[in-house]
Amino acid sequence: MAGIRLAPEDPELSSQQSRGAVVSDLISDDERSVAADSWSIKSEYGSTLDDDQRQTDAADALSAANFPPAPSSDYSSDKEEVEAEEAAQSMLGLQSYWDSAYADELTNFREHGHAGEVWFGADVMELVASWTKGLCIDISHGQLPNHVDDTKSELVDQGDKYLSTWSVLDIGTGNGLLLQELAKQGFSHLTGTDYSEGAVQLARSLADRDGFANINFLVDDILETKLERQFQLVTDKGTLDAIGLHPDGPVKRMMYWDSVSRLVASGGILVITSCNSTKDELVQEVESFNQRRVGMSQEHEKDEEAGRDPPFRYLSHIRSYPTFMFGGSVGSRVATVAFVRS
């Protein structure tokens, strides 16, 4: 979970990350607390009685981090805070939590028409979609840039004919709103997967309501994917973050990269948006995966091509997110990084 984080007292971050009743009071300098804060416990679109009941344990665990230190022992206070943070980390990484969360969001949609939470905010989602469009158009035109500026490519306005052949997979799609945004940009072969059946039901319902019935949604766990095809564009907005919050996060992140490498077609791209890793951390994680895969291939001598070429290489990242300085380092609240598959 290492990474540059904004100081809790920063007013910009506070306004950007305003959430529901449980996490709005959770303020901590500890990185894992900020990570848990980023993964808000309640939907900003309202809650039901079932939602309140579901959040009881979460509220108890998270609010414990705000208790004043016990007068008898600073050590005991620190220990309780760490235990609360670890409980939050474990909870937010479990499928059972997300099954409950999306069951409630599905109920809210059916009763009130609410779409559910947009992770990282609508502005970030729209920027990711438009930036990804420009990246794909440049690649379709035979350009493989070392970086792509956030300004529109001259080719973007020519548009949809370059995107009509791109197959797109959004892993951990949640309510599927990122795929809707990509559809607005001109992508037409769109698939979303999530391990929560409630998320898939919600995504289908929203897509049907909003006129995107052509988007395909499937129940699938990226760590044990049953998909047998590859995609030219794979997107991830927050899924790697959630996997990292599991108690076995480091192991599951390795499983994640093994699965993703099989889903991205040769020459295709992977676009990851994270609130819990910086651009440099994501690049380093990919480099570590590359080294592991190359080492395994060379050891078993089964795939000479894989032994020579790392699976992924860094392509570009969004540079227009607001930045801040904290602890002598410069970073941003969100990182979006693109990697190309060899």
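Start by selecting helix 7 (residues 122–140) and helix 9 (residues 177–185): in this predicted model, their axes lie 9 Å apart and the two pack at an angle of about 45°. That angle makes helix 7 oblique to helix 9. Turn the view and you will find that the crossing of helix 7 past helix 9 is right-handed.

Now show side chains. On helix 7, pick Met125, Glu126, Val128, Ala129, Ser130 and Lys133; on helix 9, pick Leu177, Leu178, Glu181, Leu182 and Gln185, and you have the residues that make the contact. Coloured by class, this contact of helix 7 with helix 9 shows 6 nonpolar, 2 polar and 3 charged residues.

Keep helix 9 on screen, because it leads to the next stop: helix 9 is among the elements giving two or more residues to the lining of the largest pocket, together with helix 6 (95–112), strand 1 (167–171), strand 2 (189–194), helix 11 (239–244) and helix 12 (249–263). To centre the view there, select Gly172, Asp194, Tyr195, Thr239 and Ala242, which lie nearest the centre of the pocket among its 34 lining residues. The pocket has a volume of about 540 Å³, and its lining comprises 16 nonpolar, 10 polar and 8 charged residues.

From the pocket, follow helix 6 to helix 10 (residues 197–209): here the axes are 7 Å apart, at an angle of about 30°. Helix 6 is therefore roughly parallel to helix 10, and it passes helix 10 in a left-handed crossing. For a last selection, try the helix 6 side of the contact, including Tyr102, Leu106 and Phe109, against helix 10 residues including Ala199, Leu202 and Leu206.

Methods: Residues are numbered from 1 along each chain as its sequence is written. This is a predicted model: local features need pLDDT of at least 70, side-chain atom pairs count only at pLDDT 80 or more; totals for chains, interfaces and linings use all residues. Side-chain values use heavy atoms; hydrogens and water are left out. Axes are lines fitted to C-alpha atoms, for helices over the stretch in contact, and angles run from 0 to 180 degrees between N-to-C directions. Helices (H or I, at least four residues) and strands (E, at least two) are DSSP runs, numbered from the N terminus. Angles under 35 degrees count as roughly parallel, over 145 as roughly antiparallel, 65 to 115 as roughly perpendicular and the rest as oblique. A crossing is left-handed if the near helix is turned anticlockwise from the far one by less than a right angle, and right-handed if clockwise. Contact means heavy atoms within 4.5 Å. Ala, Val, Leu, Ile, Met, Phe, Trp, Tyr, Cys and Pro count as nonpolar, Asp, Glu, Lys and Arg as charged, and the others, Gly among them, as polar. On a 1 Å grid over the protein atoms alone, a cavity is a set of points where a 1.4 Å probe fits but cannot get out, and a pocket is an open set with protein on both sides within 12 Å along at least five of seven lines; lining residues have an atom within 4 Å of a point. Grid points are joined across faces, edges and corners, and a volume is the space filled by probe spheres set on the points.
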